[in-house]
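Biologist: Hi, have you got a minute to walk me through this chain? I'd like to start with the overall picture and then poke at a few spots.

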Amino acid sequence: MASVDIRNVRKSFGKTDVLKGISIDVDDGQFVVLVGPSGCGKSTLLRMIAGLETISGGDIKVGDDLMNAVPPKERDIAMVFQNYALYPHMTVAQNMGFSLKLKKIPKAEIRKKVEQAAEILGLTPLLERRPAQLSGGQRQRVAMGRAIVRDPKVFLFDEPLSNLDAKLRVQMRTEIKSLHQRLRTTMLYVTHDQIEALTMADVIVLMNEGRIEQAGPPLELYDLPANMFVAGFIGSPAMNFVHGRIENGAFVSTKGVTLPLGVAPEGLEGKDVVYGVRPEHLHVVTEPGVGAEAEVQIIEPAGSETQVHLTLGGDEIVGVFRERLDLAPGSTVRLTTDSAAVHLFDPESGRRHIL
């Protein structure tokens, strides 16, 4: 096991800057998830750690060793790819032990390591099968087993679940997290799925356009987003944003709707702000004169909760309600918010105001 120190790393393809000075400290044994929209540079960064891409600037260290010029095979890093990359003519056992065979490890030791990894991953009954005889989830386990037998300092995962169906993705992310808890090896995991990031990570690094928007524990990004991009990316459905201004210590939208604030923020009186509230912090009230009127547009039952799309004075918002509500498209309800859970953002910079 080892820490990973990424310091002011940059990557350019010609005149195009893909990574613009990335710095991340990954502690020994930590599970770090790199998340962000397509094209943000997260997979490029992972490939640079693995040595599959050259570094245009900055340093990458694994433990105390500088990796910038070290060939991939000498970095003691194992990478699990999106497409599994299994040899179709080899059995599961042969695929898992192939890298050790290339290193001329004794057959008995290879067999022992393969059997240990297979036991961890539930692959023991499948060791003599070939990839074509396996399901997608089983192939992904084989790819993980091939990495485990190497006993690397660091595991890298590049969107390993994106080819699986929804149910299997849930199962596999649980298995990967369980694997980390067993091995306690440093892991860096790339995904575009913020639910994967929230459920799996010790630390989330949210990237956008080659930069880090925010890094920290999952609930820190969820509860205390640094800016509107973080607030809108982390969470499903995304945070609601309503534009307006502060008047007499309250928020008034550009459409004239008044929404509650837990604290009248200092220095923002009369200024334009963006009011942010997560869907689960909206509540339907029945008391006359309480809350703001909204019109129901679309109702999406999801079993344990119901997502409702509404218009609030012309602004489109989404509410998530766990109680059973008698609603119909075109009907009106009155909404209030958990004022303590409200965020205010600067409309120009997108930064969150500290309340």
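Modeller: Happy to, and we can go from the whole chain down to single residues.

Modeller: Keep in mind that this is a predicted model, where local features need pLDDT of at least 70 and side-chain atom pairs count only at pLDDT 80 or more, while totals for chains, interfaces and linings use all residues. Residues are numbered from 1 along each chain as its sequence is written, and side-chain values use heavy atoms, with hydrogens and water left out.

Biologist: Fine. How many helices and strands are in the chain?

Modeller: The chain has eight helices and 20 strands. These are DSSP runs numbered from the N terminus, with helices being H or I of at least four residues and strands being E of at least two. The C-alpha atoms fill a box of roughly 80 × 45 × 35 Å along the principal axes.

Biologist: And what share of the residues is buried?

Modeller: Of the 355 residues, 47% are buried. Buried means under 20% relative accessible area, exposed means over 50%, and partly exposed is in between, with a 1.4 Å probe and protein chains only. The chain exposes about 17200 Å², and carbon and sulfur atoms supply 49% of that; the areas come from the Shrake-Rupley method with a 1.4 Å probe.

Biologist: What about contacts between residues 24 or more positions apart?

Modeller: They account for 66% of the contacts with a separation of 6 or more. Contact here means heavy atoms within 4.5 Å.

Biologist: Which feature does UniProt place at residues 4–234?

Modeller: The unreviewed UniProt entry places "domain: ABC transporter" there. Such annotations may be inferred rather than shown by experiment, and the positions follow the numbering used here, with feature names shortened. In the model, that span is 37% helix and 26% strand, and its end C-alpha atoms lie 25 Å apart.

Biologist: Let's zoom in on helix H4. Is H4 largely enclosed or open?

Modeller: It is largely enclosed by the rest of the structure, because 11 of its 13 residues are buried. Among them are Gly137, Arg141, Met144 and Ile148. H4 covers residues 136–148 and reaches 18 Å from first C-alpha to last, close to the 18 Å expected at 1.5 Å a residue; the expected span is 1.5 Å times one less than the number of residues.

Biologist: What do the buried residues of H4 pack against?

Modeller: Strand E6 (77–80), helix H2 (92–102), helix H3 (107–121), strand E7 (154–158) and helix H5 (166–183).

Biologist: Can you pick one residue from H4 for me?

Modeller: Take Gln140, which is found in H4 and is buried, with a relative accessible area of 0%. Leaving aside neighbours within four places in sequence, Gln140 is in contact with Val80, Phe81, Gln82, Tyr84, Pro160, Leu161 and Met172.

Biologist: You mentioned E6. Which residues does Met79 touch?

Modeller: Met79 sits in strand E6 and counts as buried at 11% relative accessibility. Not counting residues up to four places away in sequence, Met79 touches Leu46, Arg47, Ala50, Leu52, Leu156 and Asp158.

Biologist: Some of those numbers fall in H1, right? Tell me about that helix.

Modeller: Helix H1 spans residues 42–50, and seven of its nine residues are buried, so H1 is largely enclosed by the rest of the structure. Leu46 and Ala50 are among those buried residues. Gly51 follows H1 with a positive phi, near 90 degrees.

Biologist: Changing topic: any unusual backbone spots?

Modeller: As background, most residues other than glycine have a negative phi, and most peptide bonds are trans. Lys104 has a positive phi near 60 degrees; it lies in the loop between H2 and H3 and is exposed, at 71% relative accessible area. Asn248, with phi near 55 degrees, is in the loop between E11 and strand E12 (250–253) and counts as exposed at 76%.

Biologist: And which peptide bond is cis?

Modeller: The one from Ser236 to Pro237 is cis, with omega near 0 degrees. Pro237 lies in the loop between helix H8 (228–233) and strand E11 (240–247).

Biologist: Last one: is Arg278 buried or exposed?

Modeller: Arg278 is buried, with a relative accessible area of 2%, and its place is the loop between strand E14 (272–277) and strand E15 (282–285). Beyond four places in sequence, its contacts include Leu221, Tyr222, Met239 and Asn240.
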